[in-house]
Amino acid sequence: QVQLVESGGGLVQAGGSLRRSCAASELPSSNYAMGWFRQAPGKERAFVATINRSGSVTAYADSVKGRFTISRDNANNTVYLQMNSLKPEDTAVYYCAAKYHTTGVPSIRDYRYNYWGQGTQVTVSS
């Protein structure tokens, strides 16, 4: 059974940093892009970042460019999200996700992703 297990959420002050991890297991192949999405209270789920299977191609939401960095460790099937210079508006439940992908820029659309983590709260205080 495919599982995406997240860690690294929590509470941080504005301007601080967090590092999120998401470990995937039992994926049917190694050709998967992975991404991060978030959903704030009362808001729709929004794209944050994505990375292709080799880690050579990434994409970010405009709201996090220059502050967040997505990376992956294929040996451990793990994707990371380094979040720096956090703002209160970054407060949300963050989800990692995976989708089958070979070449090019991975999709930024949540409905294209096949597998999802459980979601973890990130709260940024003023």
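Reader: What is the accessible surface of the protein, and what percentage of that surface belongs to carbon and sulfur atoms?

Author: In this predicted model, the accessible surface of the protein comes to about 6400 Å², and 46% of that area belongs to carbon and sulfur atoms.

Reader: What makes the radius of gyration of the protein agree, or disagree, with that of a compact globule?

Author: For 126 residues, a compact globule would have a radius of gyration near 14 Å, and the protein has 14 Å, so the value agrees with the rule. Taken along the principal axes, the C-alpha atoms fill a box of roughly 40 × 25 × 25 Å, and 43% of the 126 residues count as buried.

Reader: Which pattern does the protein follow when read along the sequence?

Author: The pattern is β-β-β-β-β-β-β-β-β-β-β, and it goes with a count of zero helices and 11 strands. Among contacts between residues at least 6 apart in sequence, 59% join residues at least 24 apart.

Reader: Why is His 101 called buried, partly exposed or exposed?

Author: The relative accessible area of His 101 is 7%, and the word buried applies under 20%, so His 101 is called buried. This residue is placed in the loop between strand 9 (92-100) and strand 10 (115-116). Not counting residues up to four places away in sequence, His 101 touches Asn 31, Tyr 32, Ala 33, Asn 52, Arg 53 and Pro 106.

Reader: How do you know that the side chain of His 101 makes a polar contact with the backbone oxygen of Thr 103?

Author: The side chain of His 101 reaches the backbone oxygen of Thr 103 at 3.0 Å, and a polar contact needs a pair of N or O atoms within 3.5 Å, so this pair meets the distance cut-off.

Reader: What makes the phi of Glu 26 worth a remark?

Author: Most residues other than glycine have a negative phi. The phi of Glu 26, by contrast, is near 60°, a positive value in a residue other than glycine. Glu 26 is found in the loop between strand 3 (18-25) and strand 4 (32-39). Its relative accessibility is 55%, and exposed means over 50%, so Glu 26 counts as exposed.

Reader: Where is Asn 77 found, and why is Asn 77 called buried, partly exposed or exposed?

Author: Asn 77 is found in the loop between strand 7 (68-73) and strand 8 (78-83), and its phi, near 50°, is also a positive value in a residue other than glycine. The relative accessible area of Asn 77 is 34%, which lies between the cut-offs of 20% and 50%, so Asn 77 is called partly exposed.

Reader: Why is Thr 120 called buried, partly exposed or exposed, and which side chains make polar contacts with its side chain?

Author: With a relative accessible area of 16%, Thr 120 falls under the cut-off of 20% and is therefore called buried. The side chain of Thr 120, a residue found in strand 11 (residues 120-125), makes a polar contact of 3.1 Å with the side chain of Glu 6, and another polar contact, of 3.2 Å, joins it to the side chain of Arg 20. Beyond four places in sequence, the residues that Thr 120 touches include Gly 9, Ala 92 and Tyr 94.

Reader: Why is Val 93 called buried, partly exposed or exposed?

Author: The relative accessible area of Val 93 is 21%, and buried means under 20%, while exposed means over 50%, so Val 93 is called partly exposed. Val 93 is placed in strand 9, and its contacts, leaving aside neighbours within four places in sequence, are with Phe 37, Arg 38, Gln 39, Gly 119, Thr 120 and Gln 121.

Reader: How many residues apart along the chain are Gln 121 and Gly 10, and what separates their C-alpha atoms in space?

Author: Gln 121 and Gly 10 are 111 residues apart along the chain, while their C-alpha atoms are separated by 6.2 Å. Gln 121 is placed in strand 11, and among the residues in contact with it are Gly 9, Gly 10 and Thr 91. At 38% relative accessibility, between the cut-offs of 20% and 50%, Gln 121 counts as partly exposed. A polar contact of 3.1 Å also joins the side chains of Gln 121 and Thr 123.

Notes:
Residues are numbered from 1 along each chain as its sequence is written. This is a predicted model: local features need pLDDT of at least 70, side-chain atom pairs count only at pLDDT 80 or more; totals for chains, interfaces and linings use all residues. Side-chain values use heavy atoms; hydrogens and water are left out. Helices (H or I, at least four residues) and strands (E, at least two) are DSSP runs, numbered from the N terminus. The radius of gyration is taken over C-alpha atoms; the globule rule is 2.2 Å times the number of residues to the power 0.38. Buried means under 20% relative accessible area, exposed over 50%, partly exposed in between (1.4 Å probe, protein chains only). Contact means heavy atoms within 4.5 Å. Accessible areas come from the Shrake-Rupley method with a 1.4 Å probe; for residues, only the protein chains shown count as cover. A polar contact is a pair of N or O atoms within 3.5 Å; within protein, one must be able to donate a hydrogen and the other to accept it, and residues adjacent in sequence count only if both atoms are side-chain atoms.
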